[in-house]
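User: I would like a close look at a single part of this structure. Please take one helix and explain how it sits among its neighbours.

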Amino acid sequence: MSQVDLLTPPASSQTARFADGFGQRSLLTIDTEEEFDWEAPFRADGYGLDHIAALSGFQQFCEGIGVSPVYLVDWPVAQDARAQEIIGDAIRRGQAEIGVQLHPWVNPPHHEEVNRRNSFAGNLPPELEAEKFHRLRDLVEENFGAVPLIYRAGRYGLGPHTAGLLGEGGIAIDSSVRARFDYTDEGGPDYSRHPVAPYWADAGKTLLELPLTTSFWGMLRQQGQQLYPLAHRYPLLGSILAKTGILERIGLTPEDITLEEALRAVDIAVDDGLPLLVLSFHSPSLAPGHTPYVHDEDDLDRLYDWLRGVYSYLRARDVRPTTVEEIIASAVR
């Protein structure tokens, strides 16, 4: 496992298959994290957790639409008594699952310089990345009373040694790959050529990668894998493609993606036979004023309307919600 590199696009032979009857499913993942200024430099302190109270209403909403959310919890949230109560109660009732999300800049030990490059945990020295991860993983299990089986690197910041430490920590699923996105301009990974379909990270099939779902839409969508890296390199080309609608990149998130766009992305993913659609957003968006996506109550209403609309459409397309536990049990090894 220690030699597996999640930064390298996998071979087609690594594509995961699921048991008969699994069909096409959806998984809702929440980057459950502290509030911070997205425009300011990273810092180890000065963050907030005011939105945590909103998790209660969100959890009730999820139960009302028949969805079991996966809370990917980072260090500040794992320490918060309100989060432990709200999320822990949902886990005990079988209505939610817990996972690990590593924000290295707020996660001890603090031996590195806090800066943009080091905000991608995979850029840290291997020993430091591993110690931060293991401390967080153990804290999550202790405070929420459940063994975390899924991981997401904050800022999607995988590194060459991440797969090995996940194996050491008993993690069965990684969901850090944001397929079709490139973060190299910020010192992060390049996932522009990674597939959106789930795949095995290792030959022994012990670590399953669930990339976040992103669809290409437009006349040139079949060429999206080749064209979008060029659009990233040449912003004018990207602007022309988006404005003309010839090629759009649509992630399954209520943050900066309209409901109309999301339904188009669902259609593409379902029609392409994608077995698992992975949705995501950041927990601070559950209260106004903490992310660039939710400024006021109207924006918050739109977020919930997005979730209602997407899950209603998924049901119409016979895409049922699933859980981490069910995914692990259904994966064919």
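Analyst: Here is a close look at helix 1. The model is predicted, so local features need pLDDT of at least 70, side-chain atom pairs count only at pLDDT 80 or more, and totals for chains, interfaces and linings use all residues. Residues are numbered from 1 along each chain as its sequence is written, and side-chain values use heavy atoms, without hydrogens and water.

Helix 1 spans residues 54–64. Helices (H or I, at least four residues) and strands (E, at least two) are DSSP runs, numbered from the N terminus.

Start with the buried side. Leu55, Phe58, Gln59, Phe61 and Cys62 are buried (under 20% relative accessible area; exposed is over 50%, partly exposed in between, with a 1.4 Å probe and protein chains only). They cover an arc of only 160° around the axis, so they lie on the same side of helix 1. The arc is taken from the directions from the helix axis to the C-beta atoms. The face turned away from that side carries the exposed Gln60 and Gly64.

What covers the buried residues? The cover includes strand 1 (25–32), strand 2 (70–73), helix 3 (81–92), strand 10 (276–282) and helix 9 (297–316).

Now take helix 9. Its axis and that of helix 1 are 11 Å apart, at an angle of about 20°. That makes the two helices roughly parallel (angles under 35 degrees). Axes are lines fitted to C-alpha atoms, for helices over the stretch in contact, and angles run from 0 to 180 degrees between N-to-C directions. Gly57, Phe58 and Phe61 in helix 1 meet Tyr304, Leu307 and Arg308 in helix 9 (heavy atoms within 4.5 Å).

After helix 1 comes Gly66, with a positive phi near 75°.

Note on methods. Angles under 35 degrees count as roughly parallel, over 145 as roughly antiparallel, 65 to 115 as roughly perpendicular and the rest as oblique.
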